[in-house]
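Hi,

Here is the structure I said I would pass on. Have a look at it first, and my notes on what turned up follow below.

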Amino acid sequence: RRGGLVLLFRHDRTEPTGLWDYEPLEVGRCEQQRRLSQAGEASARAIGQAIRQLGIPITRVIASTYCRAQESAAFMFAGVHR
């Protein structure tokens with residue numbers, strides 16, 4: 001709770017589309033990428049809520065450019081730092 005640590009998360013479950021991301025990846029084209037499933041969104045929200053309840057200070061959030069990573073950051077921590 002004093003801070004000074006790094007927390008690392010991987011995105012949770014994605015939609016079972018049967019497809020991988022398009023190649024080459026076009027950043028920002030979320031329709032070409034696997035997105036978080038409803039279960040993945042719920043898990044990210046629960047993680048964020050638990051971190052807030054524990055009083056763990058979050059001062060900076062960095063996420064991959066993949067849409068599912070950006071979504072995860074938004075559900076857990078209300079977004080990322082640019």
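To start with the ring count, you need the rule: rings of Phe, Tyr and Trp (its six-membered ring) pair if their centres lie within 6.5 Å, and planes under 30 degrees apart count as stacked, over 60 as edge-to-face and the rest as tilted. Bear in mind that this is a predicted model.

By that rule there is 1 aromatic pair. The partners are F9 and F77, with 6.2 Å from centre to centre and 55 degrees between the planes, which puts the pair in the tilted class. F9 lies in the segment before α1 and F77 in helix α2, so the pair ties together parts that are 68 residues apart in sequence. Both rings keep some access to the outside: F9 is partly exposed at 38% relative accessibility, and F77 is partly exposed at 22%.

F9 turns up again on the surface. Together with L7, L54, I56 and I58, F9 forms a nonpolar patch with about 400 Å² of accessible area. L54 is the patch member I looked up in the helices: L54 sits in α1, which covers residues 38-54, and is partly exposed with a relative accessible area of 43%.

Now the overall picture. The protein chain has 2 helices and 0 strands. Its C-alpha atoms fill a box of roughly 40 × 25 × 15 Å along the principal axes. Of the 82 residues, 26% are buried. The chain exposes about 6,200 Å², and carbon and sulfur atoms supply 55% of that area. If you take contacts between residues at least 6 apart in sequence, 56% of them join residues at least 24 apart.

The covalent cross-link comes next. There is 1 disulfide in the structure. C30 and C67 form this disulfide, with their sulfur atoms 2.0 Å apart. The two cysteines come from distant parts of the chain, C30 from the segment before α1 and C67 from helix α2, 37 residues apart. The torsion about the S-S bond of C30 and C67 is about -85 degrees, so the disulfide is left-handed. The two ends differ in burial class: C30 counts as partly exposed at 22% relative accessibility, whereas C67 counts as buried at 5%.

On to the charged side chains. I get 4 salt bridges in the structure, and here are three that you may want to look at.

- E71 and R35 form a salt bridge, with the closest N and O atoms 2.5 Å apart. This pair also links distant parts of the chain: E71 is in helix α2 (residues 67-77) and R35 is in the segment before α1, 36 residues away. E71 counts as buried at 14% relative accessibility, while R35 is partly exposed at 32%.
- R29 and E31 meet through their side chains at 2.6 Å, N to O. E31 counts as exposed, with 54% relative accessibility.
- E26 and R29 form a salt bridge with 3.3 Å between the closest N and O atoms. E26 is partly exposed at 37% relative accessible area, and R29 is partly exposed at 33%.

E26, R29 and E31 are thus joined in a network of salt bridges.

Helix α2 has come up several times already, in the ring pair, the disulfide and the salt bridge of E71. Which residues of α2 are buried? They are C67, R68, A69, E71, S72, A73 and M76. Part of the cover over these buried residues comes from α1.

S72 is a good place to zoom in. S72 belongs to helix α2 and is buried, with a relative accessible area of 5%. What does S72 contact once neighbours within four places in sequence are left aside? H11, D12, L36 and A44 are the residues in contact with S72.

One last backbone detail for you to check on screen: A78, just after α2, takes a positive phi of about 65 degrees.

Cheers

Note on methods. Residues numbered from 1 in each chain as written. Predicted model: local features only at pLDDT ≥ 70, side-chain atom pairs only at ≥ 80, totals over all residues. Heavy atoms only, no water. Patch = residues over 30% accessible without salt bridge, like charges linked within 9 Å, V, L, I, M, F, W, Y side chains within 5 Å. Areas by Shrake-Rupley, 256 points an atom, 1.4 Å probe, with all protein chains shown as cover. Helix = DSSP H or I, 4+ residues; strand = E, 2+ residues; numbered from the N terminus. Buried < 20%, exposed > 50% of the residue type's maximum accessible area, 1.4 Å probe, protein only. Contact = heavy atoms within 4.5 Å. Disulfide = S-S within 2.5 Å.
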